[in-house]
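Subject: Structure for your review

Dear colleague,

Please find below the structure that I am handing over to you. My account of what was found in it follows directly after.

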Amino acid sequence: MRSIWNGAISFGLVSIPIKLVNATESHSISFRQVHTEDNGRIRYRKFCELEDREVTQSEIGKGYEDADGTIVPITDEDLSHLPIPTARTIEIVAFVPADRIDPLQMDAAYYLAASGAPAAKPYILLREALKRSHKVAIAKYALRGRERLGMLRVVGDAIAMHGLLWPDEVRAPEGVAPDADVTVRDKELDLADALMDTLGEVDLEDLHDEYREALEEVVAAKAAGETPPEAPEPAAGGKVLDLMAALEKSVRAAKESRGEGAEGAEVTPLPSTSGRRPGAAAKEPAVGKEPAAGKKAATRTATRTATKAATSPKKATAVKTTTAKSAAEESAAKKSAARKSTAKASEEKRAAAKKTPAKKTASARRRSA
C-alpha cells in the first residue's frame with residue numbers, strides 16, 4: 001500500500017517514525033459525463049476570469065477571499081512557516097477509554113506503518129501499552145493544510161488512526177427527535193425486544209453492496225448489447241394501523257426467514273389495543289369455549305406433527321407401514337375371537353339339546369307310575 005504521509009509518532013520523549021496508509025477503499029462505480037448525442041466526453045476547463053483564457057495546473061495557487069471579495073494570496077511557503085508542532089508529527093496528548101469517543105466524531109481511517117527497522121521496537125511498545133491499558137490515544141496531527149484530531153487504537157497487530165472531527169464541528173441534535181407526547185408501553189417494548197433477539201447478530205463479512213452488484217450487471221449487459229435485467233416489483237406497502245400487529249408480524253417473518261418454521265414463528269398473543277383504554281384488563285374467555293391458548297397449543301401440535309412427517313418421508317412411510325400392520329393384526333385377532341365365540345355358543349346349544357329329552361322322559365315315567 002502506498003503511503004500518503006511520512007512523519008513520526010511523538011510518545012512523550014519517544015519518537016516512532018511511521019508512514020500513513022489509507023485503511024479503507026471505495027468500490028463504488030463512477031461515471032463520466034458524456035454528450036448524449038454522440039457519447040463525447042464532457043470536460044471542465046479552468047479559465048482565468050481576468051485574462052479570459054485557460055490556465056494550466058502549474059499556474060494555479062491558493063487564495064483566501066475576504067468578506068469584501070478581496071483575494072489574499074497564500075503560498076506554500078506561507079503555510080510551511082505556520083507555528084504548528086504537528087506539521088510532521090502525530091503528537092499524542094492523552095489516553096482515554098474508547099467509550100469516551102463519540103462515533104459522530106469519527107472520520108477517515110488510516111494504518112500507521114513502522115518506517116524502518118529502528119521504529120519496530122517503539123512501535124510494538126506503544127501497541128502493547130494500548131492493548132494492556134484498554135485505552136485509545138488522542139493525538140494531534142497536520143494533514144492537507146490543517147491541524148486535525150486523531151484517535152489511535154490497535155487493530156490486529158497494527159496501530160490504526162481514525163481522524164476525528166473537532167468537538168465544535170459536531171452539531172447538536174436539536175429539533176431532530178419528535179416532540180409529540182407518546183407513551184410506549186412495556187408490551188410494545190417486549191415485542192420490540194423479541195424482534196431484536198430474533199434478528200440477532202450478523203457477521204459483517206457476510207454483508208455486501210447489492211446495489212453495486214446490480215449496477216455491474218447493467219453495465220455488463222449494455223456492453224454486450226443485451227437488455228439490462230429488470231428490477232423486481234417492490235412489495236406493496238400498506239399503512240401500518242396497529243403497531244402491535246406490525247411487531248408480531250415482523251417477529252414471525254424474521255423467524256421464518258431464519259428457518260425456524262411455524263413453531264418458532266409463534267408469538268405470544270397480546271390483547272388488541274384498538275377500542276380499549278391503555279391499562280384496561282383483557283376479557284376472560286367465555287365459559288364452555290376453548291381458550292385461545294388451547295387452540296394455539298393444538299395448532300402447534302398439529303403443525304409439529306405435519307412438519308415432522310413432511311421433512312422425514314422415510315419415517316412417515318415407516319409409520320404408515322407399522323400402522324397398517326397393526327391394523328391388520330388387530331383385525332385378524334378380532335376375527336379369531338369371533339370364531340372362537342361362535343364355536344363355544346354352538347357347543348353350548350348342542351349340550352342343552354341333549355339334556356332336554358332326558359328331562360322329558362323322566363317326567364313321562366313319573367306320570368305313568
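A residue is called buried when its relative accessible area is under 20%, exposed when it is over 50%, and partly exposed in between. Please also note that this is a predicted model.

**Salt bridges**

Side chains of opposite charge can pair when their charged atoms come close. The count of salt bridges here comes to eight. One of them joins the side chains of Arg146 and Glu169, at 3.5 Å from N to O. Arg146 lies in strand E10 (residues 146–155), while Glu169 lies in the loop between strand E11 (158–164) and H3, so the pair ties together parts that are 23 residues apart in sequence. Arg146 is partly exposed at 35% relative accessibility, and Glu169 is partly exposed at 36%.

Glu216 and Arg212 form another salt bridge, with their closest N and O atoms 3.0 Å apart. These residues are four apart in helix H4 (residues 210–223), so about one helical turn separates them. With a relative accessibility of 38%, Glu216 falls between the two cut-offs and therefore counts as partly exposed. Arg212 is also partly exposed, at 21%.

Arg185 forms a salt bridge with Glu188, and here the closest N and O atoms are 3.8 Å apart. Arg185 is partly exposed at 24% relative accessibility, whereas Glu188 is buried, with a relative accessible area of 13%. In addition, a network of salt bridges links Glu51, Arg53 and Glu59.

**A negative patch**

Asp186, Asp190, Asp193 and Asp197 form a negative patch on the surface. Of these residues, Asp193 is found in helix H3 (residues 186–199), and its relative accessible area of 38% makes Asp193 partly exposed.

**Strands**

Strand E5 (residues 62–65) pairs with strand E6 (residues 71–74) in the antiparallel sense, over four bridges. Within this pairing, Gly63 stands opposite Pro73 in E6. The two strands, E5 and E6, form a hairpin with five residues between them, and Gly69 in the turn has a positive phi of about 90 degrees.

Which residue lies 4.6 Å from Val21 in space, C-alpha to C-alpha? That residue is Ser3, which is 18 residues from Val21 in sequence. Val21 belongs to strand E2 (residues 14–22) and is buried, with a relative accessible area of 7%.

Yours faithfully,
A colleague

Terms used:
Residues numbered from 1 in each chain as written. Predicted model: local features only at pLDDT ≥ 70, side-chain atom pairs only at ≥ 80, totals over all residues. Heavy atoms only, no water. Pairing = 2+ DSSP bridges. Patch = residues over 30% accessible without salt bridge, like charges linked within 9 Å, V, L, I, M, F, W, Y side chains within 5 Å. Areas by Shrake-Rupley, 256 points an atom, 1.4 Å probe, with all protein chains shown as cover. Salt bridge = Lys/Arg side-chain N within 4 Å of Asp/Glu carboxyl O. Lys, Arg positive; Asp, Glu negative; His and termini not counted. Charge placed at Lys NZ, Arg CZ, Asp CG, Glu CD. Buried < 20%, exposed > 50% of the residue type's maximum accessible area, 1.4 Å probe, protein only.
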